[in-house]
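The exercises below are meant to be worked with the model open, and each task is followed by a solution that goes step by step.

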Amino acid sequence: MGFEGADPGTVRPGGRTARVRASVLEAAGDALAEHGFAHLDLADIARRAEVGKTTVYRRWGTVTGLVADLLLDMAELSLPRTETGSLLGDLTANARLVQRTLADPRQGALFKAVIAAATCEEKTAEALHRFYEIRVEEWAPCVQQAIDRGEVPKGTDPYEVIRAVSAPLYYRLLTSNDHLDEATADRAAGAAVAAARAGAYLRGEEGRT
């Protein structure tokens, strides 16, 4: 469920409007990572992006509107799922993607700021939920393929399995200063696979039988 796509500053094709949006969103991400949500200011972001203040106010209106667009852009730029032919391989790839994202100084700080803001800003919370919904939907087919191969029981909830992979990584990001490395990511993936094989993520009645 992590984000790893175009490098900061990369401009996708689409003319001046797309270039302005890319510049403003990059500036918003930088400001979030540096100062947190509470200190976001549209005028400062316009200055960083070298665009007119009226352009920023007209297009995004509020800081929460801008952050929502930033999260949408991050979801769109995230790498597609990896399919290795085994559930452990697929979930390890997912876990390492999340790990690289959260261990990155800029991206880790950005996610901390957005998560903190989501606790008190409804629109930011909605945007964050949508970001993760998009990423879980991207990776859930890996679990369905594992079900079809007989690696995990029928009735396993693919969405719960994918959430279980990244949950311990975000927990560590938010609760400790421990370094997030590949070994941590691999343990998270292995634990999710073991739990799925044991039937921990069966849906509804299937999980209670």
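**Exercise 1.** Is Gly-150 buried or exposed?

*Solution.* The model is a predicted one, and the residue should first be placed in its chain context: Gly-150 sits in the loop that runs between H7 and helix H8 (158-175). The next step is its relative accessible area, which is 58%. Since the class of exposed residues begins over 50%, Gly-150 is exposed. As a last step, look across to Arg-197, which is 47 residues away from Gly-150 in sequence, while the C-alpha to C-alpha separation of the pair is 9.6 Å.

**Exercise 2.** Classify the packing of helix H4 (residues 63-77) against helix H7 (residues 122-149) from their axes, and describe the residues in contact.

*Solution.* Begin with the axes of H4 and H7, which come within 9 Å and cross at roughly 5°. Because angles under 35 degrees count as roughly parallel, H4 is roughly parallel to H7. Then list the participants: H4 contributes Thr-64, Val-67, Ala-68, Leu-71, Leu-72, Met-74 and Ala-75, and these meet Lys-123, Thr-124, Ala-127, Leu-128, Phe-131, Ile-134 and Arg-135 of H7. Sorted by class, the residues of this contact between H4 and H7 comprise 10 nonpolar, two polar and two charged.

**Exercise 3.** Carry out the analysis for helix H2 (residues 42-49) and helix H3 (residues 53-60), and then examine Glu-50 in the loop between them.

*Solution.* The axes of H2 and H3 come within 8 Å, and their crossing angle is roughly 120°. This value lies outside the range of 65 to 115 for roughly perpendicular and is not over 145, the bound for roughly antiparallel, so H2 is oblique to H3. The crossing of the two helices, H2 and H3, is right-handed. On the H2 side, Leu-42, Ala-43 and Ala-46 make the contact, meeting Lys-53, Val-56 and Tyr-57 of H3; by class, five residues of the contact are nonpolar, none is polar and one is charged.

Turning to the loop between H2 and H3, where Glu-50 is placed, one finds that Glu-50 has a positive phi of about 60° although it is not a glycine. With a relative accessibility of 74%, Glu-50 counts as exposed.

**Exercise 4.** Determine how accessible Arg-21 is, and which side chain it joins through a polar contact.

*Solution.* Arg-21 belongs to helix H1 (residues 15-35). Its relative accessibility is 13%, and because buried means under 20%, Arg-21 counts as buried. The side chain of Arg-21 is joined to that of Asp-73 by a polar contact of 3.3 Å.

Note on methods:
Residues numbered from 1 in each chain as written. Predicted model: local features only at pLDDT ≥ 70, side-chain atom pairs only at ≥ 80, totals over all residues. Heavy atoms only, no water. Axes fitted to C-alpha atoms, helices over the stretch in contact; angles between N-to-C directions. Helix = DSSP H or I, 4+ residues; strand = E, 2+ residues; numbered from the N terminus. Nonpolar A, V, L, I, M, F, W, Y, C, P; charged D, E, K, R; others polar. Buried < 20%, exposed > 50% of the residue type's maximum accessible area, 1.4 Å probe, protein only. Polar contact = N/O pair within 3.5 Å; in protein donor to acceptor, adjacent residues only side chain to side chain. Left-handed = near helix turned anticlockwise from the far one by under 90°. Contact = heavy atoms within 4.5 Å.
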